[in-house]
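Please look over the chain shown below before reading on. The notes that follow go from the overall fold to single elements and residues.

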Amino acid sequence: MSELKLSSQQLAAIAGEFGTPVYVYHAEKIKAQYERLTNAFSGINAKFFYACKALTNINILRYIKSIGCNVDCSSVNEVELAIYAGFERKNILYTSNNIHFSEIERAADLGVNINIDSLSNLEKFGKKYGHSYPVGIRLRPNIMAGGNLKISTGHAKSKFGIPLEQIEKVLDIAKQTNLRIQNLHIHTGSEIKDVEVFAKGMEVLFEIAHYFPELEVLDFGGGFKVPYKSDEEGTDMELLGQKMKEEFEWFENKYNRKLQAWFEPGKFIVSEAGYFITKVNVIKNSNGTVFAGVDSGLNHLIRPMFYGSYHQIENISNPAGPLNLYNVVGNICETDTFAEDRELNEIREEDLLVFYNAGAYGFEMASNYNSRFKPAEVLVKDGKAQLIRKRDSFDHLLYNQIELADL
Ligand code: PLP
C-alpha cells in the first residue's frame, strides 16, 4: 500500500472529535492518485473522468475539479451534481445503462458528453438529434474480467452496453439517422489487475474504429485495481501507459488518424484515500469464535457482504496487543460479517477499528436500513480535518414521508 497514509493518531483524533462511525477522506492521496494516472499516460493524448458514482460528496467533486480532473456520471442526477460542483459541461461525461430515453434527453439539454448503451436509445437519439449532437456508444466487448461476476461488466452475458456482434445494427442506425459518432466506449469491469485485459479492449476498439469516420475518442472506462492487502499489487499503470502508447502509435501510423483516449477511474482515484472508523460495541465468545461487534453494519459499508470485497482492518486502540482471530461483525438484522477469522491485535469493547480502502463505494452505498443514521464524513486536507457531512439525525428518518392524519 502507498506511503501517503493518515496515521492512527490522526484517525483516532478524528474519531474523538466527530464520533463514530465516520468516513474520512485524504485529499492529498486523491491528488497523488490522479497524478499517477496523468504521469503513466503522458505518452498518449488522454483525458480522465472521475467516475463519481464511487463517492459524490460535493466537496470531493469540487476537490477533484480543483486538481484538473473531469467527471463521469452514471445518472442525470450525478450530472446535475457535477454542474453544481462547477464542472464545465464539456468536461462531464454521462455513461448510464438501461435508462429511459427521457433521461438521455435531459442530459442532452444539459449539454454534456453522452455514451449510449442500447440500440433502441441510439435509434431514438439519432431520430431526435441526427448529426447535431455528437454521441458515444457503449459497447459490450465480450471480455470476462474483474474482481468477481457482480463487478464484471463486459462479458458475453452482461447487461451492459451494445453487444459487439450487433455492430452492423449500430452502423445501420448511424447511417439511417445521420448520427455523429464521436466516441466508442467499453467498461470491462472493476478491479482488473491484468494489463492484458485492457490491451484486449484496445484491440477490440481499434478493430472497429475505422468504421466510424467521425470518431475522435476511444473510451476505456474504469476498472483499475488498487491494492487491498499490504502484500498485494494493483494494476501496473506505468506498464499499461507504455503499452497504450505503443498501440496508439501503431494505430496512428496504420490509419493516419489521431484519437484521444478517455478513462473513467472511480476506485483508483478515491479507494485508498478513504478510511472508515468504527467503535467496538461488544465482544462475544461462542464455540471458539470471538465476535467483535461494531457500531456499524452493512447499512454503512455493504461491499464485503455484497460482493465479497476485502478491507484491511486495524485496531488502532491497541496496536501492540497480542494477535487473536476475530469475526468482525455489524449490528444489522442480517448476518453482516465484515471479516471472518481475521488476525487482529486484541480487541476490547470501545476500541476503534479502522477499515482501509473505504473511499470508493463505501458511504455512497450507505442506507438508513434498520432506521440507523448514515455516518458522518470528514475531509483531511493540508493536515486539517473538516466535517463535510453531518451524521444523520432523527429528521432524516422521516424526511419525505407524508404523515397521514386519519390513521
Ligand atoms: N465507468 C463505468 C461505465 C462504470 O460502470 C464504472 C463502475 O461501475 C466505472 C467507470 C468505474 O469503475 P472503477 O471504480 O472500478 O474504476
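This briefing takes up the chain as a whole, then two helices, and then a few individual residues.

The model is a predicted one, and local features are described where pLDDT is at least 70. The protein chain contains 12 helices and 18 strands, and buried residues make up 55% of its 407 residues.

**The chain as a whole**

- For 407 residues, a compact globule would be expected to have a radius of gyration near 22 Å, and the 23 Å computed for the protein chain agrees with that expectation.
- Along its principal axes, the C-alpha trace of the protein chain spans about 65 × 60 × 45 Å.
- Of the contacts in the protein chain with a separation of 6 or more, 69% are between residues 24 or more positions apart.
- The protein chain exposes about 18200 Å², and carbon and sulfur atoms supply 47% of that area.
- The protein chain carries 44 positive and 53 negative charges, and the mean positions of these two sets are 4 Å apart.

**Helix 6 and Tyr129**

- In helix 6, which covers residues 119–129, the buried residues are Leu119, Asn121, Leu122, Phe125, Gly126 and Tyr129. These residues are on the same side of helix 6, because they cover an arc of only 160° around the axis.
- As background, an α-helix has 3.6 residues a turn, so residues three or four places apart point the same way.
- The cover over the buried residues of helix 6 includes helix 5 (101–110), strand 5 (113–116), strand 6 (135–140), strand 7 (162–163) and helix 7 (167–177).
- Tyr129, which lies in helix 6, has a relative accessibility of 13% and therefore counts as buried, the cut-off being under 20%.
- Leaving aside residues up to four places away in sequence, Tyr129 touches Phe101, Glu105 and Ala108.
- Tyr129 and Lys258 are 129 residues apart in sequence, and their C-alpha atoms are 26 Å apart in space.
- Gly130 follows helix 6 and has a positive phi, near 50°.

**Helix 7**

- The buried residues of helix 7 are Ile167, Val170, Ile173, Ala174 and Thr177. Their directions cover an arc of only 120° around the axis, which means that they are on the same side of helix 7.
- On the other side of helix 7, the exposed residues are Glu168, Lys175 and Gln176.
- The packing partners of the buried residues of helix 7 are helix 6, strand 6, strand 7, strand 8 and helix 8 (195–209).
- Asn178, just after helix 7, takes a positive phi of about 55°.

**Gln182 in strand 8**

- Gln182 has its place in strand 8, residues 181–185, and is buried, with a relative accessible area of 11%.
- When neighbours within four places in sequence are left aside, Gln182 is in contact with Asn113, Pro134, Val135, Glu214, Leu215, Glu216, Val217 and Trp262.

**Two prolines in loops**

- Pro21 is in the loop between helix 1 (8–18) and strand 1 (22–26), and the peptide bond that joins Thr20 to Pro21 is cis, with omega about -10°.
- Pro322 is in the loop between strand 13 (313–315) and strand 14 (323–329), where it touches Leu344, Asn345 and Glu346, not counting residues up to four places away in sequence.
- The C-alpha atoms of Pro322 and His185 are separated by 50 Å, and the two residues are 137 apart along the chain.

**Backbone angles to check**

- Most residues other than glycine have a negative phi, and most peptide bonds are trans.
- Asp341 is not a glycine, yet has a positive phi of about 45°; this residue lies in strand 15, residues 337–345, and is exposed, with a relative accessible area of 53%.
- Asn400, also a residue other than glycine, has a positive phi near 75°. Asn400 lies in the segment after helix 12 (394–398) and, at 66% relative accessibility, counts as exposed.

Technical notes
Residues numbered from 1 in each chain as written. Predicted model: local features only at pLDDT ≥ 70, side-chain atom pairs only at ≥ 80, totals over all residues. Heavy atoms only, no water. Helix = DSSP H or I, 4+ residues; strand = E, 2+ residues; numbered from the N terminus. Rg over C-alpha atoms; globule rule 2.2 N^0.38 Å. Buried < 20%, exposed > 50% of the residue type's maximum accessible area, 1.4 Å probe, protein only. Contact = heavy atoms within 4.5 Å. Areas by Shrake-Rupley, 256 points an atom, 1.4 Å probe, with all protein chains shown as cover. Lys, Arg positive; Asp, Glu negative; His and termini not counted. Charge placed at Lys NZ, Arg CZ, Asp CG, Glu CD. Arc of directions from axis to C-beta.
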